[in-house]
Amino acid sequence: MKHQKPVTPGSRQRVSLNYRELLTGDRPEKSLVSGGKRHVGRNSAGRITIRHKGGGHKRLFRDVDFYFLDKEGVPARVQSLEYDPARSGFIALLVYRDGDKRYALAPHGVKVGDEVVTAPKTVVKPGNRLELGNTPVGTFVYNIELKPRGGAKLVRSAGVFAEVVAHDAGYTLLKLPSTEIRRVSDHCYASVGSVSNPENHLVVISKAGRSRWLGIRPTVRGSAMNPVDHPHGGGEGRQGRGLRRAKSLWGKPTGKGQKSRTPKKYSNKFIVTRRIVGKKGKEK
């Protein structure tokens, strides 16, 4: 981590990553990047569906492969480790033996020159990708599919991993970063290891402007609003929320360890143990 000299108010508390030590590539692969308009939390009608997004620095989109459908059994060499503005983990530029180049989510500990492969059954080492049914119990995995050949959907943030807990009746039991234990088909692919950049949670933004560069707009507390704008609003002076349980802008339960999952969600049958919410879950 890099601690800034306190020469300005904005640099006084700043803690950032030392990218020169962590990354090797300074420019992205031209054939794998594209421009485009950022929708900053708006849907196709232009209405805001996700609040607190907007502005931010212009970005180039990196075409990261989460499927690997046509690369089974083809070894690849890590050519460079690069920064991706769209995600917290780093990405690796893979050069396959057939000459094709792809970006993939980089595992922690991988180095330039390492060889990785995607196959139903292969050596269990960081970066290799194999079916969960062939993964030993106790292995750390990331970039996990929910449906066979459906593309990686789970465990993709910086520094996180899931643990293979057991194999049972065609399913693999995974302990996810949220402490939830979930069943996933043995035929789903997952990458061995944990996602790169585990120090990402130590970064201190230090000033409001830097959040704006990242495309994050300010968040206003509900208790600072009027009653017409939020269930927590109103009251003379500084007030508590005046409610037993915290609510969102739309009156739905939120935060403070409350259950917010849809009771009859289709994927409930795959959850073996619900996640531990609140501070106890974070400590574990």
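How many cavities of 30 Å³ or more does the structure hold? There are two, and the close-up views below, all drawn from a predicted model, visit them along with the cores and the largest pocket.

**View 1. The largest cavity takes in about 160 Å³ of space.** Its lining is made up of 19 residues, and F68, L94, A104, V116 and G127 come closest to the centre. Three elements, β5, β6 (91-96) and β7 (101-105), each contribute at least two residues to this lining. The largest share belongs to β6, with three residues. By class, the walls of the largest cavity consist of 14 nonpolar residues, four polar ones and one charged one.

**View 2. The second largest cavity holds about 30 Å³ of space.** Here the lining is formed by Y67, F68, L69, E72, T118, R129, R149 and Y189. Four of the lining residues are nonpolar, one is polar and three are charged. Look out for F68, which lines this cavity and is also listed among the residues closest to the centre of the largest cavity.

**View 3. L69 sits in the loop that runs between β4 (61-62) and β5 (76-82).** Is L69 buried, exposed or partly exposed? Its relative accessibility is 46%, so L69 counts as partly exposed, the class that lies between under 20% and over 50%. Along the chain, L69 and A119 are 50 residues apart, and their C-alpha atoms are separated by 10.0 Å. L69 is also one of the residues lining the second largest cavity.

**View 4. The largest nonpolar core brings together 15 residues.** Those with the most contacts inside this core are L132, V141, I144, V155, A162, L174 and L176. Two elements, β10 (140-142) and β13 (162-168), give two or more residues each. Zooming in on A162, and setting aside its neighbours within four places in sequence, we find contacts with T139, F140, V141, I144, V155, K175 and L176. A second, separate core has 14 residues, L23, V74, L94 and V116 among them. Of these, L94 and V116 return from View 1, where both are named among the residues closest to the centre of the largest cavity.

**View 5. The largest pocket has a volume of about 1,300 Å³.** The pocket is lined by 40 residues, with R59, Y83, P85, A86 and L214 lying nearest its centre. The elements giving two or more residues to the lining are α1 (19-22) and α2 (208-213). Sorted by class, the lining of this pocket has 16 nonpolar, 13 polar and 11 charged residues.

Definitions and conventions: Residues are numbered from 1 along each chain as its sequence is written. This is a predicted model: local features need pLDDT of at least 70, side-chain atom pairs count only at pLDDT 80 or more; totals for chains, interfaces and linings use all residues. Side-chain values use heavy atoms; hydrogens and water are left out. A nonpolar core is a set of buried Ala, Val, Leu, Ile, Met, Phe, Trp, Tyr and Cys residues joined through side-chain atoms within 4.5 Å. Buried means under 20% relative accessible area, exposed over 50%, partly exposed in between (1.4 Å probe, protein chains only). Helices (H or I, at least four residues) and strands (E, at least two) are DSSP runs, numbered from the N terminus. Contact means heavy atoms within 4.5 Å. On a 1 Å grid over the protein atoms alone, a cavity is a set of points where a 1.4 Å probe fits but cannot get out, and a pocket is an open set with protein on both sides within 12 Å along at least five of seven lines; lining residues have an atom within 4 Å of a point. Grid points are joined across faces, edges and corners, and a volume is the space filled by probe spheres set on the points. Ala, Val, Leu, Ile, Met, Phe, Trp, Tyr, Cys and Pro count as nonpolar, Asp, Glu, Lys and Arg as charged, and the others, Gly among them, as polar.
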